[in-house]
Amino acid sequence: MTITKSERRISIWVGMTIGIVFSTVLVRYALFEKEKQLQGRPGNYQSGFTAFDEKAFPPLPPRVLDWIPQGIVVHFDFNQSHLNPMSSKSWVLETAGSFRSERLFILAEEFTENNSSKLSFFRASEFYAKLYESMTRNEFEAYIGNEEFRIIGENSLTNELIIQTKQFSPKYLKKTFERISMENSGLVEVRLIPWEPQR
């Protein structure tokens with residue numbers, strides 16, 4: 001028994017249609033499974049655990065999700081804010097970017113003041129240091145060493161040095177600021193660098 005040309009064409013089209021539908025279903029299923037795995041990975045906003053040490057963190061405030069929609073929660077600490085240490089939550093987030101140079105570490109701090117919730121954003125891995133005129137940049141560089149910190153530039157408007165730090169959990173940053181401020185008489189001020197997203 002032979003099949004005609006038209007029957008052959010119909011059977012080829014039916015086979016191709018079944019193949020396309022089946023492969024589309026498989027691709028969608030694979031993407032769905034991958035998305036589920038990514039959501040459960042530590043650091044993902046939905047996972048509830050930090051990427052660094054898998055410490056539990058509370059849900060991020062809506063403004064954080066708006067400003068940094070696809071980030072990774074690297075660190076989280078309670079009551080380590082520089083602005084208001086009591087009743088505060090601090091997240092360090094790594095922003096997403098195609099290139100390493102496009103990624104930033106951002107410190108988001110939420111605290112309660114006068115029964116109202118406030119939210120501030122800062123660069124997490126850099127901070128400003130202002131020196132007295134009696135201390136030179138070289139003296140300060142020798143003082144801080146290059147194991148933990150590195151001077152990467154200067155703010156031309158304020159003459160503050162821009163210091164990069166290798167460790168930047170909220171607790172570590174707070175202790176670092178306290179230690180440098182107490183130990184170094186040549187330092188006028190140490191402060192975090194405010195951050196806003198580029199719109």
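**Exercise 1. Strand β1 and its partner**

Find how many bridges join β1 to strand β2, and work out which way the two strands run.

*Solution.* Start with the pairing in this predicted model: six bridges join β1 to β2 (residues 88–94), and the strands run antiparallel. Next, pick out a facing pair: Phe78 stands opposite Lys89 in β2. Finally, look at the surroundings of the strand. Five of the seven residues of β1 are buried, so the strand is largely enclosed by the rest of the structure.

**Exercise 2. The surroundings of Asp77**

Decide whether Asp77 is buried or exposed, and list what its side chain reaches.

*Solution.* Step one is location: Asp77 sits in strand β1, which spans residues 72–78. Step two is the cover. Asp77 has a relative accessible area of 11%, and buried means under 20%, so Asp77 counts as buried.

Step three is the contact list. Beyond its neighbours within four places in sequence, Asp77 touches Lys55, Ser88, Lys89, Ser90, Ser169, Pro170 and Lys171. For Pro170, the C-alpha atoms are separated by 6.3 Å, although the two residues lie 93 residues apart along the chain.

Step four is the polar partners. The side chain of Asp77 makes a polar contact of 2.9 Å with the side chain of Lys55, and it also reaches the backbone nitrogen of Lys171 at 3.2 Å.

**Exercise 3. Salt bridges, one pair at a time**

Count the salt bridges, then describe three of them, beginning with Asp77 and Lys55.

*Solution.* The count comes to four salt bridges. In the pair of Asp77 and Lys55, the closest N and O atoms are 2.9 Å apart. This pair links distant parts of the chain, with Asp77 in strand β1 and Lys55 in the loop between α1 and α2 (62–67), 22 residues apart. Lys55 counts as partly exposed, at 34% relative accessibility.

Now take Glu160 and Arg191, whose side chains meet in a salt bridge at 2.8 Å, N to O. Glu160 lies in strand β6 and Arg191 in strand β7 (residues 187–194), so the pair ties together parts that are 31 residues apart in sequence. Glu160 is buried at 3% relative accessibility, while Arg191 is partly exposed at 26%.

Glu126 and Arg123 form another salt bridge, at 3.0 Å from N to O. Here Glu126 is buried, with a relative accessible area of 8%, and Arg123 is partly exposed, with 24%.

**Exercise 4. The hairpin of β5 and β6**

Say how β5 and β6 are joined, and find the residue of the hairpin with a positive phi.

*Solution.* Strand β5 (residues 149–155) and strand β6 (residues 160–165) run antiparallel and are joined by six bridges. One bridge pair to locate is Asn155 with Glu160 in β6. Four residues lie between the strands, and Asn159 takes a positive phi near 60°.

**Exercise 5. Ser125 and Ile20**

Classify Ser125 and Ile20 as buried or exposed, and describe what surrounds each.

*Solution.* Begin with Ser125, in strand β4 (residues 116–131). Ser125 is buried, with a relative accessible area of 8%. Its side chain makes a polar contact with the side chain of Glu126 at 3.0 Å. Further along the sequence, the contacts of Ser125 include Ile163 and Phe168.

Turn next to Ile20, in helix α1 (residues 5–40). Ile20 is exposed, with a relative accessible area of 52%. Together with Ile12, Trp13 and Met16, Ile20 forms a nonpolar surface patch with about 450 Å² of accessible area.

Terms used
Residues numbered from 1 in each chain as written. Predicted model: local features only at pLDDT ≥ 70, side-chain atom pairs only at ≥ 80, totals over all residues. Heavy atoms only, no water. Buried < 20%, exposed > 50% of the residue type's maximum accessible area, 1.4 Å probe, protein only. Polar contact = N/O pair within 3.5 Å; in protein donor to acceptor, adjacent residues only side chain to side chain. Contact = heavy atoms within 4.5 Å. Patch = residues over 30% accessible without salt bridge, like charges linked within 9 Å, V, L, I, M, F, W, Y side chains within 5 Å. Areas by Shrake-Rupley, 256 points an atom, 1.4 Å probe, with all protein chains shown as cover. Pairing = 2+ DSSP bridges.
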